[in-house]
Amino acid sequence: MSQAQIIDGKVYAERVRDEVAREVARLRADHDLQPGLAVILVGEDAASQVYVRSKGEQSLAAGMHSVTHRLPADASLDELLLLIAGLNEDPRIHGILLQLPLPGHLDQRAALAAISPEKDVDGLHVVNAGRLANGEPALIPCTPLGCMILLRETLGDLTGKTAVVVGRSVLVGRPVAQLLLQADCTVTIAHSRTRNLADVCRGADILVAAVGRPRMIKADWIKPGAVVIDVGVNRVPFDDPEKAAAGRTKLVGDVDYKAAREVAGWITPVPGGVGLMTVACLLQNTLTAAKRQNGLDRDLA
Ligand code: NDP
């Protein structure tokens with residue numbers, strides 16, 4: 001059997017970024033409106049610093065107004081809430097992204113709840129989660145939005161497909177499942193208490209893995225020809241014992257990629273798949289938020 005086709009996140013992320021940049025240019029020219037994104041980073045977490053830098057650079061490259069607010073690791077919840085309240089009122093800012101995780105002493109739920117749902121470009125406010133669950137226009141979490149773009153680009157119409165989502169987090173699993181349901185798939189959500197997970201996965205035309213366990217999904221759990229979307233990002237030692245001994249690590253997904261390629265019809269690589277879509281979709285959400293806040297959502301792409 002031939003190998004699965006690779007779903008190249010780079011190509012699709014670039015396409016989303018280009019479309020956003022074109023639309024930002026049009027909004028600036030026709031409506032004197034420059035979409036604005038504010039990113040908040042609390043503390044010094046190394047990975048978060050990299051993500052925040054990339055979000056700032058990419059929003060600027062798309063022609064957006066972009067600001068990054070950095071608070072010290074020992075900032076109080078009141079300080080954070082005050083900053084969010086100011087950004088909620090700031091007419092130049094249409095999207096607010098609070099980089100997670102927050103330092104342990106800060107109440108993440110309270111901070112997310114303080115962001116205006118209209119500016120919640122990470123789609124994590126309960127109002128947006130509720131709107132999504134009700135099938136109403138919502139700001140949709142970026143990674144699930146990216147998964148759907150990849151699926152539609154690969155399969156076109158998803159109606160009637162059997163979809164299995166492994167993982168039920170608020171950030172990924174649940175919203176992906178809601179979106180698949182909206183796309184008229186028949187959806188199963190699996191999690192750590194699911195029985196016979198391999199059998200459940202074997203029924204999937206579309207298999208989305210959002211678990212956080214390296215290479216957990218085996219090739220023989222995959223229906224031949226299925227589309228496999230691997231959201232997982234796991235850092236593991238190199239297979240090569242010399243490199244591993246030197247402490248070198250690499251990123252792998254939740255799917256046993258090499259073996260899965262022999263069975264699946266299409267598959268996303270890690271890195272180079274879903275991860276690249278996440279920031280592109282953040283830009284798209286900021287654009288959507290800016291249009292909705294200015295009554296321009298009728299011409300939403
Ligand atoms: P969470 O830890 O919040 O959720 C993991 C989910 O997987 C839970 O629902 C859990 O079930 C389930 N799970 C854990 N172990 C098993 C198991 N053995 N069998 C079946 N289900 C299991 O993770 P996230 O959803 O935030 O992230 C998932 C992965 O996606 C991570 O690797 C993360 O790094 C990556 N990620 C990637 C992004 C990207 O841009 N590419 C963005 C966000 C996340 P239960 O609820 O029962 O505990």
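**Note on the ligand site, two sheets and backbone outliers**

1. Ser-192 puts a side-chain N or O atom 2.5 Å from an oxygen atom of the ligand. That is a polar contact, here a pair of N or O atoms within 3.5 Å; within protein, one must be able to donate a hydrogen and the other to accept it, and residues adjacent in sequence count only if both atoms are side-chain atoms.

2. Basis. The model is predicted: local features need pLDDT of at least 70, side-chain atom pairs count only at pLDDT 80 or more, and totals for chains, interfaces and linings use all residues. Residues are numbered from 1 along each chain as its sequence is written, and side-chain values use heavy atoms, with hydrogens and water left out.

3. More polar contacts. Thr-278 has a polar side-chain atom 2.7 Å from an oxygen atom of the ligand. Val-233 uses its backbone instead: an N or O atom there lies 3.0 Å from a ligand oxygen. The ligand taken alone exposes 930 Å², and the protein buries 70% of that. Areas come from the Shrake-Rupley method with a 1.4 Å probe; for residues, only the protein chains shown count as cover.

4. The shell. The ligand is surrounded by 21 residues. A residue is counted if one of its heavy atoms lies within 4 Å. The closest are Arg-168, Ser-169, Ser-192, Arg-213 and Thr-278. By class, nine are nonpolar, ten polar and two charged. Nonpolar covers Ala, Val, Leu, Ile, Met, Phe, Trp, Tyr, Cys and Pro; charged covers Asp, Glu, Lys and Arg; the others, Gly among them, are polar.

5. Six-strand sheet. This sheet is open, with parallel pairing and the order 1-11-8-7-5-6. Strands (E, at least two residues) and helices (H or I, at least four) are DSSP runs numbered from the N terminus. Two strands pair if DSSP finds at least two bridges between them. The edges are strand 1 (5–6) and strand 6 (186–190), each pairing on one side only. Strand 1 runs parallel to strand 11 (residues 266–267), joined by two bridges. Gln-5 stands opposite Trp-266 there.

6. Helices on that sheet. Helix 6 (residues 142–155) touches strand 7 (206–209), strand 8 (227–230) and strand 11, at about 160 degrees to strand 8. Helix 7 (residues 173–182) touches strand 5 (162–166), strand 6 and strand 7, at about 170 degrees to strand 5. Contact means heavy atoms within 4.5 Å. Axes are lines fitted to C-alpha atoms, for helices over the stretch in contact; angles run from 0 to 180 degrees between N-to-C directions.

7. Three-strand sheet. This one is also open and parallel, in the order 3-2-4. Its edge strands are strand 3 (65–71) and strand 4 (95–98). Neighbouring strands are turned by 15 degrees on average, direction ignored. Strand 2 (residues 36–42) pairs with strand 4 over four bridges. Leu-37 faces Gly-95 of strand 4. Helix 2 (residues 46–61) packs on this sheet, touching strand 2, strand 3 and strand 4, and makes about 170 degrees with strand 2.

8. Backbone checks. Most residues other than glycine have a negative phi, and most peptide bonds are trans. Leu-100 to Pro-101 is a cis bond, omega near 0 degrees. Pro-101 sits in the loop between strand 4 and helix 4 (108–114). Val-270 to Pro-271 is cis too, omega about -5 degrees. Pro-271 lies in the loop between strand 11 and helix 11 (274–293). Asp-184 is not a glycine, yet its phi is positive, about 70 degrees. Asp-184 belongs to the loop between helix 7 and strand 6.
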